[in-house]
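Here's a quick tour of one model, with an eye on charge pairs and helix packing. Have the viewer open while you read.

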Amino acid sequence: MESGAGKHWTEEEVKALLSIWSEKSIRKQLHGTLRNKGIFIYIAKRLQELGVCRDWKQCRAKYKNLKYEYRTVKYARNSGDASKTMKFFHDLDAILRCEPVAHLAAEGNGRYSATEARLNASPTRKIKDKLHLFGQYMPIYIN
């Protein structure tokens, strides 16, 4: 088996990576995680099952590059430059739009509490979850 080191990612390999990345459990693990070697080892293993031979470092590098390119195009489009584009933009948009966004909300007593809002979620739906904040897991609620 060839390792794929120094080899450009083919369209089929990127599609396989995106299909794994689009899974809710993978997105949840990747969101806000800096120490994610274990997740990318798992992704590389899943890719091997699909016939894509890439190691975890290559998967992480491709993930970071795709995310950076997506954000660059998204920023340009939001700034009025509709000519900026990239391959797989719509796939990445569907994946990244669903990522939770952490916010600190001011409470009446001057304290701040962590809340999590999803871009497509209803603001009236209550969800109990945990948010990793400052090295601790804290329960959060969405009102």
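## Asp93 and its two partners

Start with Asp93, which pairs with Lys74 in a salt bridge, the closest N and O atoms sitting 3.1 Å apart. This pair ties together distant parts of the chain: Asp93 belongs to helix α5 (residues 89–97) and Lys74 to helix α4 (residues 56–78), with their positions 19 residues apart. Keep in mind that this is a predicted model.

Asp93 also meets Arg97 in a salt bridge, at 3.4 Å from N to O. Both of these residues are in helix α5, and because they are 4 residues apart, about one helical turn separates them. As for why that spacing suits a pairing, an α-helix has 3.6 residues a turn, so residues three or four places apart point the same way.

Is Asp93 buried or exposed? With a relative accessible area of 13%, under the 20% cut-off, Asp93 counts as buried. Its two partners are another matter: Lys74 is partly exposed at 27%, and Arg97 is partly exposed as well, at 35%.

## The other charge pairs

Searching the whole structure turns up 6 salt bridges. One of them joins the side chains of Arg46 and Glu23, with an N to O distance of 2.5 Å. Here too the link spans distant parts of the chain, since Arg46 is in helix α3 (residues 37–49) while Glu23 lies in the loop between α1 (11–21) and α2 (24–30), 23 residues away. Glu23 is partly exposed, with 26% relative accessibility.

Then there's a small network: Glu11, Lys15 and Lys87 are joined by salt bridges that share partners. The general idea behind such pairs is simple: side chains of opposite charge can pair when their charged atoms come close.

## The buried side of α5

Back to α5 for a moment. Which of its residues are buried? They are Phe89, Leu92, Asp93, Ile95 and Leu96. Because these residues cover an arc of only 170 degrees around the axis, they end up on the same side of α5. What do they pack against? The buried residues of α5 pack against α1, α2 and α4.

Phe88, in the loop between α4 and α5, is worth a click too. Phe88 has a positive phi of about 70 degrees, even though it isn't a glycine. At 13% relative accessibility, Phe88 is buried.

## How α1 meets α3

Two packed helices are described by the angle between their axes and the distance between the axes. For α1 and α3, the axes come within 10 Å and cross at roughly 125 degrees. That angle makes α1 oblique to α3, and the crossing is right-handed.

Which residues make the contact? From α1 it's Ala16, Leu17 and Ile20, and from α3 it's Ile43, Arg46 and Leu47. Arg46 therefore does two jobs in this picture, being part of the α1–α3 contact and a salt-bridge partner of Glu23.

## The whole chain

Zooming out, the protein has 5 helices and 4 strands. Along the sequence they follow the pattern α-α-α-α-α-β-β-β-β. Of its 143 residues, 33% count as buried. And if you take contacts between residues at least 6 apart in sequence, 41% of them join residues at least 24 apart.

Note on methods:
Residues numbered from 1 in each chain as written. Predicted model: local features only at pLDDT ≥ 70, side-chain atom pairs only at ≥ 80, totals over all residues. Heavy atoms only, no water. Salt bridge = Lys/Arg side-chain N within 4 Å of Asp/Glu carboxyl O. Buried < 20%, exposed > 50% of the residue type's maximum accessible area, 1.4 Å probe, protein only. Arc of directions from axis to C-beta. Contact = heavy atoms within 4.5 Å. Axes fitted to C-alpha atoms, helices over the stretch in contact; angles between N-to-C directions. Parallel < 35°, antiparallel > 145°, perpendicular 65-115°, else oblique. Left-handed = near helix turned anticlockwise from the far one by under 90°.
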